[in-house]
Amino acid sequence: MDTYIPEQRYPWPTTLKTRDTDRIIRELATLKGKPILDCIREACEHEIQRERLKTPLWEVQPLLDRIAPALPKPA
């Protein structure tokens, strides 16, 4: 992968390491009409929330074990 350093628009460095990453985040920022850094923060917050809402397998497995006898057997 090549390193791509986009033009500076903020008083601190904003470096996205690949052209694809830069393209994606700029497209999101354009669609939302928001600054790039706001979009990055928002996307990360949403992803953190999604990860926290996932149900761990060890919480689901006891239920699966209880209903397994009632499930149809494969032919």
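Q: Buried means under 20% relative accessible area. In this predicted model, which residues of H2 are buried, and what arc do they cover around the axis?
A: In H2, the buried residues are Ile-36, Cys-39 and Glu-42. They sit on the same side of H2, because the arc they cover around the axis is only 130°.

Q: How far apart are the end C-alpha atoms of helix H2, and what span should its residues give?
A: Helix H2 runs over residues 36–53, which makes 18 residues. At 1.5 Å a residue, the expected span is 26 Å. The distance between the end C-alpha atoms agrees with that, so both values are 26 Å.

Q: Which helix is included in what covers the buried residues of H2?
A: The buried residues of H2 include Cys-39. The contact also shows from the other side, where the buried residues of H1 pack against H2. Part of the cover on H2 is residues 19–32, helix H1.

Q: Which residues of H1 are buried, and what arc do they cover around the axis?
A: Asp-22, Ile-25 and Ala-29 are the buried residues in H1. They lie on the same side of H1, because they cover an arc of only 75°.

Q: Which exposed residues does the face of H1 turned away from its buried side carry?
A: The buried side of H1 includes Ile-25, and the buried residues pack against H2. The face turned away from that side carries two exposed residues, Thr-30 and Leu-31.

Q: How far does H1 reach from its first C-alpha to its last?
A: H1 has 14 residues, counted at 1.5 Å a residue for the expected reach. Its reach is close to that expectation, at 20 Å.

Q: Which residue just after H1 takes a positive phi?
A: H1 covers residues 19–32. Just after H1, the phi is positive, at about 70°. The residue is Gly-33.

Q: Which residue meets Arg-26 in a salt bridge, and is that partner buried or exposed?
A: The two side chains come to 2.9 Å, N to O. Both residues lie in helix H1, four residues apart, about one turn of the helix. The partner has 5% relative accessibility, which means it counts as buried. That residue is Asp-22, and it is buried.

Q: At what N to O distance do the side chains of Glu-42 and Lys-34 meet?
A: Glu-42 is buried, at a relative accessible area of 14%. Lys-34 is partly exposed, at 34%. Their side chains still meet in a salt bridge, with an N to O distance of 2.5 Å.

Q: How are Arg-41 and Glu-45 separated in helix H2, and which residues do salt bridges that share partners join into one network?
A: Arg-41 and Glu-45 form a salt bridge of 3.4 Å, N to O. Arg-41 is partly exposed at 43%, and Glu-45 is partly exposed at 41%. They are four residues apart in helix H2, so about one helical turn separates them. Elsewhere, salt bridges with shared partners make one network of Lys-32, Lys-34 and Glu-42.

Q: How many salt bridges does the structure hold?
A: One of them joins Arg-26 and Asp-22. Another joins Arg-41 and Glu-45. The total in the structure is eight.

Q: What is the area of the nonpolar surface patch that includes Leu-57?
A: Leu-57 lies in helix H3, residues 57–67. Its relative accessible area is 56%, so Leu-57 counts as exposed. Leu-63, Leu-64, Ile-67 and Leu-71 join Leu-57 in the patch. The area is about 450 Å².

Definitions and conventions. Residues are numbered from 1 along each chain as its sequence is written. This is a predicted model: local features need pLDDT of at least 70, side-chain atom pairs count only at pLDDT 80 or more; totals for chains, interfaces and linings use all residues. Side-chain values use heavy atoms; hydrogens and water are left out. The expected span of a helix is 1.5 Å times one less than its number of residues. Buried means under 20% relative accessible area, exposed over 50%, partly exposed in between (1.4 Å probe, protein chains only). The arc is that of the directions from the helix axis to the C-beta atoms. Contact means heavy atoms within 4.5 Å. Patches are made of residues with over 30% relative accessible area and no salt bridge: like charges are joined within 9 Å, nonpolar side chains (Val, Leu, Ile, Met, Phe, Trp, Tyr) within 5 Å. Accessible areas come from the Shrake-Rupley method with a 1.4 Å probe; for residues, only the protein chains shown count as cover. A salt bridge is a side-chain nitrogen of Lys or Arg within 4 Å of a carboxyl oxygen of Asp or Glu.
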